[in-house]
Amino acid sequence: MKIGSKLYIKDDINIFFVNNIIKNTYCLLSFTILFSALVSCLTLFYNLKFSGVLFNFFVSIFLYFLIYKFRFSVYGILFVFLFTGFFGYCTGCIISSILLKSNNYYVVTMALSTTGLLFLLLSAYTLFSRKNFNFLNGFIFISFILLIFIIVVNIFFSFSILHLIITYF
């Protein structure tokens, strides 16, 4: 039944299938983020070198093409994991080249893996509690706009308190 611009599903079976699809999508997204963090950590651990910008560009375009080509197949999930693993490799190489001297590169890897784990846990909480979090849309949008404004101000003035606010967001 369609009322205004919103679609209301009356049938309990349809709601089950919609929730199942959302659950599978959230799980796949969480696992790909965690896989990317794992590959990034392995890249740092084995000290792999960056393979070049053009090579990375062409491999990412090729993997994206393969994902599109096999999007209705089981191989599409394999190529999604290869795609996120490749970007985990690229992230690990960049982190390794930037933070090699300070020996704190595991902080960034832990941030990526914590993001994946938190996304998995929060999406599981949302799916099992069946709460609607649409009331947070305005708050998140305004927070994002405020963060962009603070970053731009920090570029020109470079206050230490602004660095703290940016890392808090």
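Let me begin with a term: a residue is called buried when its relative accessible area is under 20%, and exposed when that value is over 50%, with partly exposed residues in between. With that in hand, and keeping in mind that what we are looking at is a predicted model, we can say that 21% of the 169 residues of the protein count as buried. The protein exposes about 13,000 Å², and carbon and sulfur atoms supply 75% of that area.

As for the overall layout, the protein has six helices and two strands, and if you follow the elements from the N terminus on, they run β-β-α-α-α-α-α-α. Among the contacts in the protein with a separation of 6 or more, 66% are accounted for by residues that stand 24 or more positions apart.

I would like to go through two of the helices with some care, beginning with α2, which covers residues 53–69. This helix has 17 residues, and from its first C-alpha to its last it reaches 24 Å, which is close to the 24 Å expected at 1.5 Å a residue. Which residues of α2 are buried? They are N56, S60, L63, L66 and I67, and, seen down the axis of α2, these buried residues fall within an arc of 125°, so they line one face of the helix. What covers the buried residues of α2 includes α3, residues 74–99. On the face of α2 turned away from its buried side, we find the exposed residues L54, F58, F62, Y68 and K69.

Just before that helix, please look at N47, which lies in the loop between α1, residues 12–46, and α2. N47 has a positive phi of about 55° although it is not a glycine, and with a relative accessible area of 37% it is partly exposed. Along the chain N47 and S96 are 49 residues apart, while their C-alpha atoms are separated by 7.3 Å.

A second pair of this kind involves F128, which is found in helix α4, residues 105–129. F128 and K23 are 105 residues apart in sequence, and in space they are 9.5 Å apart, C-alpha to C-alpha. Is F128 buried or exposed? At 68% relative accessibility, F128 counts as exposed, because the cut-off for that word is over 50%.

The other helix I want to discuss is α5, residues 137–157. Helix α5 has 21 residues and reaches 30 Å from its first C-alpha to its last, close to the 30 Å expected at 1.5 Å a residue. Its buried residues are S143, L147, I150 and N154, and, seen down the axis of α5, they fall within an arc of 70°, so that they line one face of the helix. On the other side of α5, the residues N137, F141, I142, F149, I155 and F156 are exposed. Just after α5, S158 takes a positive phi of about 50°.

This brings me to the surface, where a nonpolar patch is formed by F141, I142, F144, I145, I148, I151, V152, I155, F156, F157, F159 and I161, with about 1,300 Å² of accessible area together. Which helix gives the most to the nonpolar patch? Helix α5 does, with 10 residues. One of the patch residues is V152, which is found in helix α5 and which, with a relative accessible area of 40%, is partly exposed.

To close, the two helices can be set side by side: the buried residues of α2 line one face of that helix, and the buried residues of α5 likewise line one face of theirs, while α5 also gives the most to the nonpolar patch.

Terms used: Residues are numbered from 1 along each chain as its sequence is written. This is a predicted model: local features need pLDDT of at least 70, side-chain atom pairs count only at pLDDT 80 or more; totals for chains, interfaces and linings use all residues. Side-chain values use heavy atoms; hydrogens and water are left out. Helices (H or I, at least four residues) and strands (E, at least two) are DSSP runs, numbered from the N terminus. Buried means under 20% relative accessible area, exposed over 50%, partly exposed in between (1.4 Å probe, protein chains only). Contact means heavy atoms within 4.5 Å. Accessible areas come from the Shrake-Rupley method with a 1.4 Å probe; for residues, only the protein chains shown count as cover. The expected span of a helix is 1.5 Å times one less than its number of residues. The arc is that of the directions from the helix axis to the C-beta atoms. Patches are made of residues with over 30% relative accessible area and no salt bridge: like charges are joined within 9 Å, nonpolar side chains (Val, Leu, Ile, Met, Phe, Trp, Tyr) within 5 Å. A salt bridge is a side-chain nitrogen of Lys or Arg within 4 Å of a carboxyl oxygen of Asp or Glu.
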